[in-house]
Amino acid sequence: ATLSPPPRATSDAGLGVFLDIHTGGRIVIAALGSAAEVQNTVRPGDELLEVDGQAVTGKKSAELRGLVRGPAGSVVRLKLLRNQSQIEVDIPRTRDSVSSPASSGHS
């Protein structure tokens, strides 16, 4: 079923990534939209550990969207696990984002 995102201000923006929620609550970057590709900081296969200092393991899709969305142009800090190393990246939120995981078939 396709879920509509909650009503938000028109300036609301996301990161332009698809997230897959795996068994055990692991959250992995599945695909990138143009905004994330331009930043060249997030890669498919990266495991998302934290958003702005908040642990995300075990969170549902709606909770994740709430954490990553915010005013266009504002910056969100992600802690990622890549090749067994933790890294932190700052990514500006953009209105040029891909569809939400719920509407794309990803959970």
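This is a short talk on the fold, the core and the charged pairs of one protein chain.

Thank you all for coming. What you have in front of you is a predicted model, so I will begin with the confidence values before I turn to the structure. The mean pLDDT of the chain is 77, and 72% of its residues reach 70 or more. There are stretches where I would ask you to read with care: over residues 1-10 the pLDDT is below 50, and beyond near neighbours in sequence this stretch has 6 contacts in the model. Over residues 97-107 the pLDDT is again below 50, although here the stretch has 27 contacts in the model beyond near neighbours in sequence.

Let me turn to the overall layout. The secondary structure comes to 3 helices and 8 strands, and from the N terminus on the elements run β-β-β-α-β-β-α-β-β-β-α. Of the 107 residues of the chain, 37% count as buried. If we take the contacts between residues at least 6 apart in sequence, 57% of them join residues at least 24 apart.

Now to the interior. In soluble globular proteins, nonpolar side chains tend to be buried together. In this model the largest nonpolar core has 17 residues, and those with the most contacts inside it are V42, L48, V51 and L78. Which elements give two or more residues to this core? They are β2 (17-21), β3 (27-32), β4, α2, β7 and β8. To take V51 as an example, and leaving aside residues up to four places away in sequence, this residue touches V56, L67, V68, V76, R77 and L78.

Helix α2 covers residues 61-68, and S61 lies in it. S61 counts as buried because its relative accessibility is 18%, and the cut-off for that class is under 20%. The C-alpha atoms of S61 and L19 are separated by 8.3 Å, although the two residues are 42 residues apart along the chain.

I would next like to look at β7 and β8. These strands pair in the antiparallel sense over 8 bridges, and the bridge partner of V75 in β8 is P92. The two strands form a hairpin with 2 residues between them, and N83 in the turn has a positive phi of about 50 degrees.

That hairpin brings me to the charged residues. Side chains of opposite charge can pair when their charged atoms come close. The count in this model comes to 7 salt bridges, and I will go through three examples.

My opening example is D46, which forms a salt bridge with R82, the closest N and O atoms being 2.6 Å apart. D46 lies in the loop between α1 (34-39) and β4 (47-51), while R82 is in strand β7 (residues 75-82), so the pair ties together parts that are 36 residues apart in sequence. Are these two residues buried or exposed? D46 is buried, and R82 is buried as well.

My next example is E88, which forms a salt bridge with R77, with the closest N and O atoms 3.3 Å apart. E88 lies in strand β8 and R77 in strand β7, so this pair ties together parts that are 11 residues apart in sequence. E88 is partly exposed, with a relative accessible area of 44%, and R77, at 40% relative accessibility, also counts as partly exposed.

R77 appears again in my last example, where its side chain meets that of D90 in a salt bridge at 2.7 Å, N to O. Here the pair links D90 in strand β8 with R77 in strand β7, 13 residues apart. D90 is partly exposed, with a relative accessible area of 38%. If we step back from single pairs, E50, R77, K79, E88 and D90 are linked in a network of salt bridges.

Let me finish with one more arginine, R93, which is found in the loop between β8 (85-92) and α3 (101-104). Why does R93 count as buried? R93 counts as buried because its relative accessible area is 8%, whereas the class takes in values under 20%. As for what its side chain reaches, the partner is the backbone oxygen of V68, at 2.6 Å. V68 is also one of the residues that V51 touches, and with that link back to the interior I will stop and take your questions.

Note on methods. Residues are numbered from 1 along each chain as its sequence is written. This is a predicted model: local features need pLDDT of at least 70, side-chain atom pairs count only at pLDDT 80 or more; totals for chains, interfaces and linings use all residues. Side-chain values use heavy atoms; hydrogens and water are left out. Helices (H or I, at least four residues) and strands (E, at least two) are DSSP runs, numbered from the N terminus. Buried means under 20% relative accessible area, exposed over 50%, partly exposed in between (1.4 Å probe, protein chains only). A polar contact is a pair of N or O atoms within 3.5 Å; within protein, one must be able to donate a hydrogen and the other to accept it, and residues adjacent in sequence count only if both atoms are side-chain atoms. A salt bridge is a side-chain nitrogen of Lys or Arg within 4 Å of a carboxyl oxygen of Asp or Glu. pLDDT is the predictor's confidence in each residue, from 0 to 100. Contact means heavy atoms within 4.5 Å. A nonpolar core is a set of buried Ala, Val, Leu, Ile, Met, Phe, Trp, Tyr and Cys residues joined through side-chain atoms within 4.5 Å. Two strands pair if DSSP finds at least two bridges between them.
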